[in-house]
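Biologist: I'm new to reading models like this one, and I'd love a close look at one part. Could you start with a single sheet of strands, and then lead me on from there to the other chains?

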Amino acid sequence: MNNTILGVSHLKTYFFTRRGVVKAVDGIDFELKRGECLCLVGESGCGKTVTALSILGLIDSPPGRIIDGEVRYNNLDLVKCSPKQLRRIRGKEIAIIFQDAQSALNPVFTIGDQIVEQIRLHLGMKYTEARDKAMTLLKEMGIPSVERAMSYYPHQLSGGMKQRAMIAMSLSCDPQVLIADEPTTAVDVTIKAQILDIFHELKAKRQMSLIFITHDLGVVAEIGDRAVVIYGGKVVEMAPVSKIIGNPKHPYTAGLIDCLPDISKTTDRLASIPGTTPNPIELPQGCPFHPRCHKAMEICSQQQPPEVRISEGHEVSCHLYQ
Amino acid sequence: MTERLQNIARKIGGPLYSNRRLIEYYWQRTQRNKLAVLGLSFIAFLILLALIGPFFTLDPTLVNFEENNLPPVGFATEESVYNIYTDEFTTTEISGTWKHPLGTDSKGRDMLAMIISGARISLQVGLIATGIAITLGTIIGVLSAYLGGWADNILMRFTDVMMTFPFFLLLVLIVFIFGPSLALIVLVIGITGWTGTARLLRSEALSLRTRDFVTAAKALGASDGRVIFGHLIPNVASLIIVIATLSIPGVILAEAALSFIGLGDPTTTSWGIILNSGQQSLDTAWWIAVEPGIMLFLTVLAFNFLGDGLRDAFDPKSNI
Amino acid sequence: MGKSWLRDYIIKRLIYAVIIAWGIVTITFVLVRVGPSSPADKYLANMAASGQDVSQITTAIEARYGVDKPIFEQYADYMVNLFQWDWGWSFSTSMPVIDLIKTHWIYSFQLILLSSLFAAFLGILIGIYSAVKQYTKIDYTATFLSFIGISIPNFWLGVMLILLFSVKLGLFKAYYDTTLPLFSLENLKALVLPVITLGTGMLAGYVRYTRSAMLDNLRKGFVTTARAKGLPERTVIGKHAFRNAILPLFTIIMFDLGSIVFGGAYLTEIVFGIPGLGQISFNAIFADDYPVVVAVTLIGTFLILMINLITDVAYTYLDPRIRYD
């Protein structure tokens, strides 16, 4: 238990809009152990990014609000702590990198300035020291000619370089936890491979505790230790990656894995999960997945499925396993 | 003949004219903006006033020195008359009457009638001058974007030159040289005011030109004229409406400012002229300066509210 | 980061500016010469009315104005004179136009400078605050007031302020004394109402533009990143968001400066009797003193050209993404 570095319990983040209440995160629990890579998996709009933003309190406060839950880090509840405490944790203890590096970086400041700004804020170094640290990081990320790169503006870098610069910036204060929000989604395949290599190194060299958000099961298989499958703002299955891929218990997880085309087989049609993701303003009663589930029973449309423990570290929320 | 006109109106009005549902949709969105509705009501009231007001009020040009400097209803001023025989000042209190609800000016002309007459002028100037400016601007802007190449270049250089002229100084210069007449003022404002519209419409048309529906139209054999009038202009119709609504206040103020400094058409009673004469009597007859100014202010405000509301209503990205 | 293309761009713009200025001078010249009355008419009329012998003076005046020569020669003379700083003779004030301008431009400059500073400083602060506190009462109030500010005809505002403060309350002087030093307390007090008059419209505009630019930028990804880095909120807003908001704001403000100022400052000077360029050109109009009116128009145009050029060049330093080539 004391191997857990970050714990999320009953997290609920709702957005109160004119058209209704969006229950983006509706009761999510998971724990991140030291040194492990936990993948948050799910389709677009299921609440993965909102979960990540909620951990660091980065939700736009009108219209969103964390209405329930705890985020435990270092004996602190990040949901209830003071803004000052939260600011000390952001960027220093827990860092986050975003999906689109182009819009996440400020276009009017050089990347050198943006990294140095963070270093000086948290580590109080002198300007020259901070610059040196920044350059070391950029070199570590594989960016060539770091001297010049420091004075480049984001628009002068290629997509892959921008991602690396953003990763370098997030590591600049040696955080304990790194949250990566779909870092491989917006890049092409070759860059994707390079970025995954960087994450492998982070795990190996720095023993980084990672929360890796993605919808790509291939990435989960490659880099994840454990996976948390999210649907409709709720956790539907949580297990070590080998078990999720090899022995998925929740129909949704099974469906996701079935969707992956198998190059060794010949089929007429690609498998897909029928239906579409639910409208977050009008989530179905009971289990959020039941309208699309081919194993749905009557109870699924009436009650929330309970969490059932299948084996060590493997839990499902499904009425099939009561 | 009427059928041709109907066709043209349909083409220019485009999606708005021929599609009732779309009009209702935009009207719904506009309605939600209370300020815009307020603005529209005031404008409607003003138009009504200008059209039928003159039938119910006194003659604005009727000079009557007996009744000069009367305050509006509900207000009272003091008039001190020096009696040379008794070497005394006799102070009498003069109050406003319903005969002249807004008072009279220094020559005894009825303020209400003058204000209404001024409303006519301002609305005429506003609508006609803006009409000229918008039409010119649309044609130049869309044509420039559509033709591209050297034509675009020349037209834009020309627009640059026209834009650089300080608009108001130019107005003053021309009226100064050629004499103040309402027609000239309207014409000049219209002919110098198209630059902003041309710019905006050109950039909008440029982005539309590359869209697939234009390519499709051309592939179906549409002539240049048909593409411009049948497709491009209808799609910028909403932009034109917003620009027009937001340009009217500027035009009205330009005419008022011109009249205010004495270059207005002396045969008319525009609000600016009334304001100008009011300056002399600030201490004795303050209402002469206050009333036209309030009307100007409210009119400009109304058009600004409406224009802003329309802009938000037409913008698909704004969350009304 | 070298900006070699900038030098080429500036040269190109300067050439355009010269061409445009030439075009405008020509248009003005044509307008003046083509107009129904000649510059000397009023002066001659006055003289004739006072019974003086007009014929000799007529020839002298015509020679001075060059109207006895064919029009192309007049044009050439006009252009040459322009470059030699001979901008004609002001009949109504009996001095060379250039001297008239030299003595009076400073008052316009003072008025415009003070009003712009007042409007920009307050406007930007209120705009930022309004954007950060969107949907609150303060935001709605500021937005509503800015609507009012841009709708009030500024010449009427001036008259109303005079009515209220000078006539009824007797607080501020309604006129400006040129015998006192420029920044003396007396004169600064006299400038309070004019600055408020000219500045209100500008202020309201700046509040709207700043608010809009800030709202756009506060939504952007890099603002979330800045917060995620642990930066204090004031740095997130004041440094990261604002520095991006300045880009569109700067262009709009500079453009407004050109257009509003030449209409608004002109009217404000007239209402308050400030002896700036607007006032003297206004007086010149009713004295039929063409050279003055033409000269002030030319100055105004030239200033706008320069402001536009400076704006475009400065913008390349503000936004590292922009290149003009």
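**A strand and its partners**

Modeller: Happy to! In chain A, S1(A) and strand S4 (residues 64-73) run antiparallel, joined by eight bridges. Keep in mind as we go that this is a predicted model. To see one of these pairings for yourself, find Thr13(A), whose bridge partner in S4(A) is Ile66(A).

S1(A) also pairs with another strand. Strand S1 (residues 4-17) and strand S2 (residues 20-33) of chain A are antiparallel too, and eleven bridges hold this pair together. Here you can look for Gly7(A), which is matched with Glu31(A) in S2(A). If you follow the chain from S1(A) to S2(A), you pass through a hairpin of two residues.

Now let's move to chain B and its contact with chain C. There, 33 residues of chain B meet 34 residues of chain C. On the chain B side, the elements that supply two or more residues are helices H6 (149-164), H7 (167-178), H11 (224-260), H12 (271-280) and H13 (287-314). H7(B) provides the largest share of that side, nine residues. Sorted by class, the chain B side holds 27 nonpolar, four polar and two charged residues.

One of those helices, H6(B), makes a nice exercise with a ruler. Its 16 residues, at 1.5 Å each, should span 22 Å, and the C-alpha atoms at its ends lie 23 Å apart, so expectation and model agree. Within H6(B), the buried residues include Thr159(B), Met162(B) and Met163(B), and Thr164(B) is buried as well. When you look at such a list, it helps to remember that an α-helix has 3.6 residues a turn, so residues three or four places apart point the same way.

Last, let's look inside chain C. Its domain assignment gives domain 1 (4-91) and domain 2 (98-318). Where these two meet, domain 1 of chain C contributes 19 residues and domain 2 of chain C contributes 20 residues. On the domain 1 side, helix H1 (4-34), helix H2 (41-49) and strand S1 (89-90) of chain C each give at least two residues. H1(C) gives the most to that side, with ten residues. By class, the domain 1 side that touches domain 2 of chain C divides into 13 nonpolar, three polar and three charged residues.

Notes
Residues numbered from 1 in each chain as written. Chains lettered and ligands numbered in written order. Predicted model: local features only at pLDDT ≥ 70, side-chain atom pairs only at ≥ 80, totals over all residues. Contact = placed C-beta atoms within 7 Å. Helix = DSSP H or I, 4+ residues; strand = E, 2+ residues; numbered from the N terminus. Nonpolar A, V, L, I, M, F, W, Y, C, P; charged D, E, K, R; others polar. Pairing = 2+ DSSP bridges. Domains from an automatic or database assignment. Expected span 1.5 Å × (residues − 1). Buried ≥ 20, exposed ≤ 12 C-beta atoms within 10 Å, placed from the backbone.
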